[in-house]
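Subject: Structure for your review

Dear colleague,

Please find below the structure that I would like to hand over to you. I would be grateful if you could look through it alongside the notes that come after it.

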Amino acid sequence: MEPATVRKWLSTPALDYVIAGVLALMVVFGTDYPSVLALGLLATIPQAIRRQRPVIMLGMTLLGGLGLGALLFMRQLPLYSISGSVVLAVLVSAVLSLYTLLGLLSRTLAWALTTVIAITFVLAGVLLMSDDPANALFLAALAVGAALVTDLGRSRSKVREVEQEGVDQLIEAQREQAVLAERARIAREMHDVVAHSISMVAVQAEAAPYTLQGLSEETKAEFAEIAHSARTTLAEMRRLLGVLRADIPTGPETAPQPGLARLDSLIGQHDGEVDLDVVGEPADLPQAVDVSAYRILQECLANAARHAPGSRVSIELAHRPNLLVIRVANDGPAAEIGSGGHGLIGMRERAVGLGGWFAAEPVAGGGFLVRAGLPLD
């Protein structure tokens, strides 16, 4: 059995049930006196609820232990009525109860209480049991031992919390970095698409005074202003892209932006069966829509390979007059993708950035479905 499995089992109530059952059996087979049996069970059986109801457990075990002590002190019971197994069972229950109580207190209060208990046992051994103080000193040592074990467990829990916090921070940092990288790629692709159109506007505006005859000076000035505005817009877009990519360590991509014309190649690279269904008459798509549609399909196939390897992927592209509808589904049993994944965020940002819509959800019975609508105008 792996250590992690052992730790998990030790932290479950099942262990408490076992301990309570063993201690109760030690009491049952250790005495014939009804009063000892009743008080002994009261002092041991509550260990079964040590984690769920610690306060109730502490009250019941304390009542049972004090009851046995009171009967012996008032000589209502002969010493031989309580066998060694009963004493051991009650003693183990007392140590577990003290351990539980110390765990409920702060570190300072836990050690203060332990000190009081230890000093009380030592004084009782020296003053009341001067002939044989060993038992009292042993009980004092048990109390200190329980405090040390509690403190060790508290320290380990703190270390695990710090380690888990570090892991969580690392995962969050990686997730944020991935989101930033995807967002920068979206911005870069949108820049490449829009930059071409704005560049054409600038070129045409600059060339208009030379290609059109009879333009007034005011008209020429307007064309010059249009060209200047277009160039300024291009500069601002490049500056914004630089800001978006400032924290991304990867270098710029110089390859042409992909589109649905490369969809067959993308599907061929996927390790699994892919069904492609094209509905409607394909038309020339705006470049921004073409790039975004390709990236969404690319991310869907990557998610299917990552989260549902071997699953069958169905892609449907519906060409409508003013809308491209994308539907991607897979039938993998482990296909559900967490909502915190940066891939879903990137796909949603692409669709919404074009004025469209996006939805992603697990399918009843297994699988995952992604739907997106990209406006064409």
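The notes below describe the strands, two of the helices and the nonpolar cores.

Please keep in mind that this is a predicted model.

Strands

Strand 1 (residues 274–279) and strand 2 (residues 313–320) run parallel and are joined by six bridges. Within this pairing, Val-279 of strand 1 is found opposite Ala-318 of strand 2. Together with helix 10 (residues 287–307), these two strands form a β-α-β unit, and its hand is left-handed.

Strand 2 also pairs with strand 3 (residues 323–330), but here the strands run antiparallel, with eight bridges between them. Ile-315 has Val-328 in strand 3 as its bridge partner. The connection from strand 2 to strand 3 is a hairpin of two residues.

Helices 2 and 5

Helix 2 (residues 13–28) contains 16 residues and spans 23 Å from its first C-alpha to its last, close to the expected 22 Å. Its buried residues are Leu-15, Asp-16, Ala-20, Leu-23, Ala-24 and Val-27. These residues lie on the same side of helix 2, because they cover an arc of only 165° around the axis. As general background, an α-helix has 3.6 residues a turn, so residues three or four places apart point the same way.

One of these buried residues, Leu-23, is in contact with Ser-93. Ser-93 belongs to helix 5 (residues 84–104). Is Ser-93 buried or exposed? Its relative accessibility is 1%, and buried means under 20%, so Ser-93 counts as buried. Beyond its neighbours within four places in sequence, Ser-93 also contacts Ala-43, Thr-44, Gln-47 and Thr-61.

Nonpolar cores

The largest nonpolar core comprises 30 residues, and Leu-297, Ile-315, Ile-326 and Leu-374 have the most contacts inside it. Two or more residues each come from helix 9 (263–269), helix 10, strand 2, strand 3, helix 11 (342–353) and strand 5 (368–375). Which element gives the largest share of this core? That element is helix 10, with nine residues.

Leu-374 illustrates these surroundings. Not counting residues up to four places away in sequence, Leu-374 touches a set of residues that includes Val-289, Ala-293, Ile-296, Leu-324, Ile-326 and Ala-351. Another core, of seven residues, lies apart from the largest one, and its members include Ala-43, Leu-68, Leu-71 and Val-86. In soluble globular proteins, nonpolar side chains tend to be buried together.

Yours sincerely,
A colleague

Note on methods:
Residues numbered from 1 in each chain as written. Predicted model: local features only at pLDDT ≥ 70, side-chain atom pairs only at ≥ 80, totals over all residues. Heavy atoms only, no water. Pairing = 2+ DSSP bridges. Helix = DSSP H or I, 4+ residues; strand = E, 2+ residues; numbered from the N terminus. Right-handed = clockwise from strand over helix to strand, strands pointing away. Expected span 1.5 Å × (residues − 1). Buried < 20%, exposed > 50% of the residue type's maximum accessible area, 1.4 Å probe, protein only. Arc of directions from axis to C-beta. Contact = heavy atoms within 4.5 Å. Core = buried A, V, L, I, M, F, W, Y, C linked by side-chain atoms within 4.5 Å.
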